[in-house]
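Hi there,

Here is the structure I promised to pass on to you. Please have a look at it, and then read on for what turned up.

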Amino acid sequence: MDGRQTISVKEVRNLALSVFDKVLASGIETIDIDRPFYWSVFPTEVFSIEKPDLVLSDAKDDLTDLRSESSDSDSPLSLGLPWHALNHLAGICSALAASALKAPPLEGQHDRRRHD
């Protein structure tokens, strides 16, 4: 067995929608980007065994690029480079995760901010 796994894009899409639905249900409708800069790893290096170089990224830039790529069907980025949009989406998801960590649990929910 070579350790490879196949992941269905449709399943990931459905899982992502489910996560976003739960985030909204938890009361988080917006996120504050008070510190837009964050560390990331370029997609080609993220699964490297060697320690990758960190890249300083910007959540505001992520959102601007995602909006541009989504609204302009003629953009070469939206048509031919889905990795670029996915990389920016990962940054926004990281900002959302950080925001969810700051949010107090809703009444009746356990505080799970310390668990993976």
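K51 counts as exposed because its relative accessibility is 78%, above the 50% cut-off for that label. Please keep in mind that this is a predicted model. You will find K51 in the loop between β1 and β2 (54-58). Its C-alpha atom is separated by 10.0 Å from that of V41, a residue 10 positions away along the chain.

The loop between β1 and β2 also holds F42, whose aromatic partner W83 lies in helix α4, so the pair ties together parts that are 41 residues apart in sequence. A search of the whole structure finds 1 aromatic pair, and this is how F42 and W83 meet: edge-to-face, with 5.6 Å centre to centre and 65° between the planes. Are the two rings buried or exposed, or something in between? F42 is partly exposed at 37% relative accessibility, and W83 is partly exposed too, at 39%.

Next come the charged side chains. The structure holds 1 salt bridge, in which the side chains of K102 and D34 meet at 3.8 Å, N to O. This pair links distant parts of the chain, 68 residues apart: K102 is in helix α4 (residues 82-102), while D34 is in the loop between α1 (9-25) and β1 (37-41). With a relative accessibility of 57%, K102 counts as exposed; D34 counts as exposed as well, at 58%.

Enjoy exploring it!

Best wishes

Notes. Residues numbered from 1 in each chain as written. Predicted model: local features only at pLDDT ≥ 70, side-chain atom pairs only at ≥ 80, totals over all residues. Heavy atoms only, no water. Salt bridge = Lys/Arg side-chain N within 4 Å of Asp/Glu carboxyl O. Helix = DSSP H or I, 4+ residues; strand = E, 2+ residues; numbered from the N terminus. Buried < 20%, exposed > 50% of the residue type's maximum accessible area, 1.4 Å probe, protein only. Phe/Tyr/Trp six-rings, centres within 6.5 Å; stacked < 30°, edge-to-face > 60°.
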